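Student: I would like a close look at a single part of this protein and at what surrounds it. Please take it slowly and tell me what each term means when it comes up.

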Amino acid sequence: MRILLAEDDSVLADGLTRSLRQSGYAIDCVRNGQEADTALSTQEFDLLILDLGLPRLSGLEVLRRLRARGSLLPVLILTAADSIEQRVNGLDLGADDYMAKPFALSELEARVRALTRRGAGGGAAVIKHGPLSYDQVGRSAYINEQMLDLSARELGLLEILLARTGRLVSKEQLVDHLCEWGEEVSNNAIEVYVHRLRKKIEVGGIRIATVRGLGYCLEKYSDAARAAAEAGDAHK
């Protein structure tokens, strides 16, 4: 999933970026409120991690403008330990959660997982799709209880397709959610990622359909299973 981090402390921002990237998230980082507001107005993200003490435009104003535009983007606020009034104001303006500095990276990552699940529609931590199960907390996938060996990019792709089962996902949407600013990813690269993921999950009768010129669709399992069964009958 793609996260926007708005934090002007370069040491903290670099540490959070490295940690979250290792967990498989695509991270874009801005260092002031004006850049954050511009990014949120022009790009799509799955989560905003927002420091309230930003220069040029306060974090509270960034949040106010975001909600004024009708955005439901999950927002995790970062505040100084003594800024209780700011925390209250942030929650009143529509923030979903907050953390006081300093904090443990493990706790922040747990809250990020919870908020991205909520943003994707909430529900159980484990998504079931036929014999495939995807653990959103542990970010691991299984077919018939056998763990799949998936790269971080393949896991991200699977997350997106599972969240939109039965619906078309364009290559442009995949690039937007999987890739960071300045990261050159061609349509051919997306095709490679889909091909690799398809090979690893099709053993369970799960099918990613290609809609030529438009994108991809993870078929509802009943449809995929029926197609697999018909294909098997045809070969008899």
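Tutor: A strand here is a DSSP run of type E with at least two residues, and strands are numbered from the N terminus. Ser170 lies in such a run, strand β10, which covers residues 169-170. Keep in mind that this is a predicted model. Buried means under 20% relative accessible area. Ser170 has a relative accessible area of 16%, so Ser170 is buried.

Leaving aside residues up to four places away in sequence, Ser170 touches Leu214 and Gly215. Leu214 is found in the loop between β11 (208-211) and β12. Partly exposed is the class between 20% and 50%. Leu214 counts as partly exposed because its relative accessibility is 49%. Leu214 also belongs to a nonpolar patch on the surface, together with Leu168 and Val211. The accessible area of these three residues together is about 230 Å².

Now for the interior. The largest nonpolar core has 24 residues, and those that touch the most other members are Leu132, Leu157, Leu158, Leu174, Leu197 and Ile208. Elements that give two or more residues to this core include α7 (171-178), α8 (187-201) and β12 (215-218). Also among them are β7 (132-135), β8 (140-143) and α6 (152-163). The element that gives the most is α6, with six residues.

Helix α6 has twelve residues. From its first C-alpha to its last it reaches 17 Å, close to the 16 Å expected at 1.5 Å a residue. Nine of the twelve residues are buried, so α6 is largely enclosed by the rest of the structure. Among these buried residues are Glu154, Gly156, Leu157, Leu158 and Glu159. Leu158 touches Leu132, Tyr134, Ala141, Leu150 and Leu197, again without counting residues up to four places away in sequence. There is also a second, separate core of 20 residues, which includes Leu57, Leu60, Leu66 and Leu73.

Finally, the setting of all this. The protein chain has nine helices and twelve strands, and buried residues make up 45% of its 236 residues. Of the contacts between residues at least 6 apart in sequence, 56% join residues at least 24 apart. The accessible surface of the chain comes to about 11,700 Å², and carbon and sulfur atoms account for 49% of that surface.

Note on methods
Residues are numbered from 1 along each chain as its sequence is written. This is a predicted model: local features need pLDDT of at least 70, side-chain atom pairs count only at pLDDT 80 or more; totals for chains, interfaces and linings use all residues. Side-chain values use heavy atoms; hydrogens and water are left out. Helices (H or I, at least four residues) and strands (E, at least two) are DSSP runs, numbered from the N terminus. Buried means under 20% relative accessible area, exposed over 50%, partly exposed in between (1.4 Å probe, protein chains only). Contact means heavy atoms within 4.5 Å. Accessible areas come from the Shrake-Rupley method with a 1.4 Å probe; for residues, only the protein chains shown count as cover. A nonpolar core is a set of buried Ala, Val, Leu, Ile, Met, Phe, Trp, Tyr and Cys residues joined through side-chain atoms within 4.5 Å. The expected span of a helix is 1.5 Å times one less than its number of residues. Patches are made of residues with over 30% relative accessible area and no salt bridge: like charges are joined within 9 Å, nonpolar side chains (Val, Leu, Ile, Met, Phe, Trp, Tyr) within 5 Å. A salt bridge is a side-chain nitrogen of Lys or Arg within 4 Å of a carboxyl oxygen of Asp or Glu.
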